[in-house]
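Welcome, and thanks for taking a look at this one with us. Below is a short briefing to read alongside the coordinates, arranged by topic.

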Amino acid sequence: MPSTIIDKVWGAHVVSEQPGAPALLYIDMHLVHEVTSPQAFDGLRARGLVVRRPEHTFATADHSVPTTDRTLPIVDPIAARQVAQLEANCREFGIPCHSMASQLQGIVHIIGPELGLTQPGMTLVCGDSHTATHGAFGALAFGIGTSEVEQVLATQCLLQKKSKSYRVEVTGQLHPSVTAKDIILALIVKIGTGGGTGCIFEFCGPAIRALSMEERMTICNMSIEAGARAGMIAPDDTTYEYMYGRQFAPQGEEWDRALSRWRRLPSDEGAVYDKQVSIDAAELEPMVTFGTSPGMGIPISGLVPDPAGIADPGERESVAKALRYMDLEPGKPLAGHAIDVVFIGSCTNGRISDLRAAASVLKGRHVAPGLRVLVVPGSHDAKRQAEAEGLDVIFLAAGAEWREPGCSMCLAMNGDQLEPGQYGVATSNRNFEGRQGKGGRTILASPLTAAASAVTGVVTDPRRLA
Amino acid sequence: MKPFTRFESRLVPLAIDNVDTDQIIPARFLKTISKDGLGSQLFCDWRYDAEGRPKPDFILNQPRAKGAEILLAGDNFGCGSSREHAPWALTQFGFRAVISTSFADIFRQNSLKNSLLPVVVPREVHAELFALPVEATVSIDLESETLVLPDGRKVAFAIDPFAKHCLLNGIDELGYIRQQEDAIAAFEARCGSAVNTLG
């Protein structure tokens, strides 16, 4: 029977299936960070357990870390204690840890792929919902809670029920200045933030094949914003070219053997999916969000919807509540709305290609007066590469801030945040109330849209500056 | 783990769809290295004003929430991040169940591991529950997977059988997985992985 890539990766990792219980699934790679792990390590200590496969575990500090001068200590004592606890836990349990002082430190979902830790066909978990990012390589990658972090540390396994398969086909060709971010925002608008609940997406179709690995990661990253725990893209030559020679990728003969395994991963012709949806890339415009959920988005030429025109009472009230929080008027365009801050970074759009895209708009231009623009590379590798290409000089000359790697203003745990009432255009993944700082108002967009808005000081269609 | 028993409680209605984990417990409270002390931060930004005083119009600050053990929530409750701090905060406040029409996947799994029961009911029942008077109580019986309404009518709900078994018998999942050590070791011997981060 023809099988999907989801079936293939799942099937290769089932350790056992006991009657009346979910399958026991083996986990190849476990990424760990400072926020969701301390209580899991406490649990191991309380039971006197060790980490079963420390060499299949990799830790970094990203959520709580400041993005300012790394030679200075962390000012916030609670964040400092959390990062120190991660380092101590990793020392105690023998886990490789790349914290503040390491040149491999960065956002966990950026460094995994950059280092070649993320590989096709593997199962990969992390105590973070954006673990879906790694599915861009054809890995089955999903976020887990702290109890599950403890289970994987102790046993390298999880009890899992197989999710439904959801085929997301993206046909056609993107217009210039329309990006991977716009594809995924459009999908979330189309199927809703709960549309993928209980499912794993497989993204396919010519528009997906045409994307770089970094763009594919942006798409898989936001699977969770449509409710799906994981999103996968079958590996192809683009994948292998990206991976070849990376630090932890297989080398020499091992690479050849791995490649022949990976080439068997793509879904078979005629494989059956539980659900499916299709999007035409050629119909897409740059997308922006107007509300407090990633599903509340519009094409940039569109108008903020009027709740009065929404039939479903629950949705009507949600949109009305969101517009009150965002202080936006129904029926007006979002383009042209004044903003206070632009944030370029995060596990969604903090990779080198995103920095290049933003720099292409900011080159020879200046950010609007009074506007704060933070550019936060996702990793040291992305930062070094950007600096080698002179992108830092472009950002600084334009009046933007060039910062150290971390999650930063995506979730505002580290002091990088919006002030109450401020509007921010962000390349990150969530526009929830207060996500980027209590009372802050987030407009999600692509790096091109964010950079164009930085130049004008208002929400701006990047095609105007292209 | 304490076995989960049948209980009866008033409802705390929160008629908002897509309540995300950043609302349940804002990220700035995730810098803790402990599981404790999160109950007072539950729904913090809806619950307190800028000076940290309880907002009287928010449901958790009203008398009906005191001692209540069931949160009645809108569609797609718990969407967003994987933070287990969300069920920790809800249980520390005193909730033992959340009733909704749907839950986000990771939140649902995290809840079941913390004896917080995610109860999915049909839309009509959901609407009916929101219309109940303040003092009305419902009871939840996990064993028979039924919700009993104030007028005695029973509404069935479904819980994953394994999670139910663990909750009813106080079984801890990690302990269960560790009993399968032989199968895990055999799997590892059969399917070595190329990845080695210490290499």
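## A lysine in a loop of chain A

Leaving aside residues up to four places away in sequence, Lys332(A) touches Leu303(A) and Val304(A). This is a predicted model, so please read what follows in that light. The loop that holds Lys332(A) runs between α11 (313–326) and β15 of chain A.

- Lys332(A) has 13 other C-beta atoms within 10 Å, and it therefore ranks as partly exposed.
- Gly302(A) is 30 residues away from Lys332(A) along the chain, and the C-alpha atoms of the two are separated by 8.4 Å.

**Parallel pairing around β16 of chain A**

- Strand β15 (residues 341–344) of chain A pairs with strand β16 (residues 372–375) of chain A in the parallel sense, over four bridges.
- One bridge to look for joins Ile344(A) to its partner Val375(A) in β16(A).
- β16(A) also pairs with strand β17 (residues 401–402) of chain A, again in the parallel sense. Two bridges make up that pairing.
- Val375(A) turns up here too, with Trp402(A) in β17(A) as its bridge partner.

**Two helices that pack together in chain A**

- Helix α13 (residues 352–362) of chain A packs with helix α15 (residues 391–398) of chain A at an angle of about 45°, and their axes are 9 Å apart.
- α13(A) and α15(A) are therefore oblique to each other.
- The two helices, α13(A) and α15(A), make a left-handed crossing.
- Which residues bring α13(A) and α15(A) together? From α13(A) come Leu355(A), Arg356(A), Ala359(A) and Leu362(A), and they meet Leu391(A), Ile394(A), Phe395(A) and Ala398(A) in α15(A).
- Sorted by class, this contact of α13(A) with α15(A) has seven nonpolar residues, one charged residue and no polar ones.
- As general background, an α-helix has 3.6 residues a turn, so residues three or four places apart point the same way.

**A four-stranded open sheet in chain A**

- The order β11-β10-β9-β12 describes an open sheet of four strands in chain A, with parallel pairing.
- β11 (230–232) and β12 (275–280) of chain A are the edge strands, each pairing on one side only.
- From one strand to the next, the twist averages 20°.
- Strand β10 (residues 199–204) of chain A pairs with β11(A) in the parallel sense over three bridges.
- To find your place in that pairing, look for Phe201(A), which stands opposite Gly231(A) in β11(A).
- Helix α6 (residues 180–191) of chain A lies across β9 (164–171) and β12 of chain A. The helix runs at about 130° to β12(A).

**Where chain A touches chain B**

- The contact between the chains involves 65 residues of chain A and 48 residues of chain B.
- Which helix gives the most to the side of chain A that touches chain B? That is helix α5 (residues 146–155) of chain A, with six residues.
- By class, the side of chain A that touches chain B has 28 polar, 25 nonpolar and twelve charged residues.

**Chain B as a whole**

- Chain B has seven strands and eight helices.
- Along the principal axes, the C-alpha atoms of chain B fill a box of roughly 60 × 45 × 25 Å.
- Chain B has 199 residues, of which 41% count as buried.
- Among contacts in chain B with a separation of 6 or more, 66% are between residues 24 or more positions apart.

**Helix α3 of chain B**

- In helix α3 (residues 85–93) of chain B, the buried residues are His85(B), Ala86(B), Pro87(B), Trp88(B), Ala89(B) and Leu90(B).
- What do the buried residues of α3(B) pack against? Their partners are α1 (21–24), β2 (70–73), β3 (97–100) and α4 (105–112) of chain B.
- Gly94(B), just after α3(B), takes a positive phi of about 130°.

**A threonine before β1 of chain B**

- Thr5(B) sits in the segment before β1 (7–14) of chain B.
- Is Thr5(B) buried or exposed? With 12 C-beta neighbours inside 10 Å, Thr5(B) counts as exposed.
- Between the C-alpha atoms of Thr5(B) and Gln92(B) there is a separation of 17 Å, and the two residues are 87 residues apart along the chain.

Definitions and conventions
Residues are numbered from 1 along each chain as its sequence is written. Chains are lettered from A and ligands numbered from 1 in the order in which they are written. This is a predicted model: local features need pLDDT of at least 70, side-chain atom pairs count only at pLDDT 80 or more; totals for chains, interfaces and linings use all residues. Axes are lines fitted to C-alpha atoms, for helices over the stretch in contact, and angles run from 0 to 180 degrees between N-to-C directions. Angles under 35 degrees count as roughly parallel, over 145 as roughly antiparallel, 65 to 115 as roughly perpendicular and the rest as oblique. A crossing is left-handed if the near helix is turned anticlockwise from the far one by less than a right angle, and right-handed if clockwise. Two residues are in contact if their C-beta atoms, placed from the backbone, lie within 7 Å. Ala, Val, Leu, Ile, Met, Phe, Trp, Tyr, Cys and Pro count as nonpolar, Asp, Glu, Lys and Arg as charged, and the others, Gly among them, as polar. A residue is buried if 20 or more other C-beta atoms lie within 10 Å of its own, exposed if 12 or fewer, and partly exposed in between; C-beta atoms are placed from the backbone. Two strands pair if DSSP finds at least two bridges between them.
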